[in-house]
Amino acid sequence: MQAWQVHENGEPSEVMRLAEVERPTPGDGQVLLRVRAANINFPDALLCRGQYQVRPPLPFTPGVEICGETEDGRRVIANPALPHGGFAEYALADSRALLPAPESLDDAQAAALHIGYQTGWFGLHRRARLEAGETLLVHAAAGGVGSAAVQLGKAAGATVIGVVGGPDKAAVAREIGCDVVVDRRAEDVVAAVKEATGGRGVDVVYDPVGGEAYTQSAKLVAFEGRIVVVGFAGGTIPSPALNHALVKNYSIVGLHWGLYNTKNPALVQHCHEQLTALAERGAIRPLVSERVPLDGAAAAVQRVADGVTTGRVAVVLEKGAGA
């Protein structure tokens, strides 16, 4: 079979190589899946760089989120078991963690439903306890993680403010439902959000960026607000001033979605049921901006790593195209 492999750490476009390899053999509790589509996530770039919290042995195949097909023809969503990741014709996955792919979504959309939307659902509902009528601020609102949070926030009845970088991403943020869009490259984010909220600030901040975005969040969060720390795509891990959280009376909550797979897997299943119901009634739909063939995966991972994409980029294998 064909699979992308990383033999040394570095930038995705430089270290990912498409090769002919043997199909992986399932271990205990694993299943072999034919990959129909693989969604590209920022962690795929971190895996290539050797900067992710999980470091599979070299060589490995990246790709942490797929829509695949079982031997009996079921279409499922899975997180491949590294080192046999999803940028390949076949991947391995934990048989107990397979989730049914919603019929309302095609393969690329289904592949993109899992990590970003699970993270958004747990972050907004489990950690921040977002309520209808509250105001939600989403950093990197036009990206894969951010766009999922925007849709989930709107589905929950919140007013959503999206922060983006550039006019093209601003247009995408409006298209997916942001009530207010702030272009951080052209506007003062703090001033614009305070104006939009009448000086009150926002109830919940969803931050997958870190760095300067977190600094802005602390200035914008309202009384009894919640800042959800999702990741550090901006490359800088902030050091929160806890005295500031004390005097402004807000909460800083962390979210590592992957822990739920081991700490409380039943909640992951429950979340998928909620997401499926939202997808079936059209309240959420993964924004897949690009569909690329398998041989275009390395260049696509690099584009995601460089932050120049919107929504999700999916690798779609020819046999698995469409629903």
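Which residue's side chain meets that of Glu 11 in a salt bridge? It's Arg 49, with an N to O distance of 2.9 Å. Keep in mind as you look around that this is a predicted model.

That contact ties together distant parts of the chain: Glu 11 sits in the loop between strand 1 (2-6) and helix 1 (12-15), Arg 49 belongs to helix 2, and the two are 38 residues apart. Neither end is tucked fully away. Glu 11 has a relative accessible area of 27%, so it counts as partly exposed, and Arg 49 lands in that class too, because its value is 22%.

The count of salt bridges comes to twelve, so there are others to visit. Take Glu 134 and Arg 226, whose side chains meet at 2.8 Å, N to O. Here again distant parts of the chain are linked: Glu 134 is in the loop between helix 4 and strand 8, while Arg 226 is in strand 12 (residues 221-229), 92 residues along. Both Glu 134 and Arg 226 are buried. Compare that with Asp 94 and Arg 96, which form a salt bridge at 3.3 Å, N to O. Asp 94 is partly exposed at 29% relative accessible area, and Arg 96 is exposed at 74%. There's also a network of salt bridges to trace, linking Arg 34, Arg 36, Glu 69, Arg 75 and Asp 107.

Now move to strand 6 (90-94). Four of its five residues are buried, so strand 6 is largely enclosed by the rest of the structure. Its antiparallel pairing with strand 3 (residues 30-39) runs over five bridges. If you want one spot to start from, find Leu 33, whose bridge partner in strand 6 is Ala 91. As you follow the side chains, recall that in a regular strand they alternate between the two faces of the sheet.

The loops have some backbone geometry worth a stop. Most residues other than glycine have a negative phi, and most peptide bonds are trans. With that in mind, look at the bond between Leu 58 and Pro 59: it's cis, with omega about -10°. Pro 59 lies in the loop that runs from helix 2 (42-49) to strand 4 (66-69). Another cis peptide bond joins Leu 82 to Pro 83, this time with omega about 20°. Pro 83 is in the loop between strand 5 (75-78) and strand 6.

Where does Arg 129 sit? You'll find Arg 129 in the loop between helix 4 (115-127) and strand 8 (135-139). Its phi is positive, about 55°, although Arg 129 is not a glycine. Arg 129 is exposed, because its relative accessible area is 52% and the cut-off is over 50%. Further along, Ala 140 has a positive phi near 50°, and Ala 140 is not a glycine either. Its loop lies between strand 8 and helix 5 (144-155), and Ala 140 is partly exposed at 34% relative accessible area.

Finally, the cysteines. How many disulfides does the structure hold? Zero. For Cys 271, the nearest cysteine sulfur is that of Cys 67, 17 Å away, so a disulfide is out of the question under a cut-off of 2.5 Å. Cys 271 is buried, at 0% relative accessibility. Cys 178 is buried as well, with a relative accessible area of 10%.

Methods. Residues are numbered from 1 along each chain as its sequence is written. This is a predicted model: local features need pLDDT of at least 70, side-chain atom pairs count only at pLDDT 80 or more; totals for chains, interfaces and linings use all residues. Side-chain values use heavy atoms; hydrogens and water are left out. Buried means under 20% relative accessible area, exposed over 50%, partly exposed in between (1.4 Å probe, protein chains only). Two strands pair if DSSP finds at least two bridges between them. A salt bridge is a side-chain nitrogen of Lys or Arg within 4 Å of a carboxyl oxygen of Asp or Glu.
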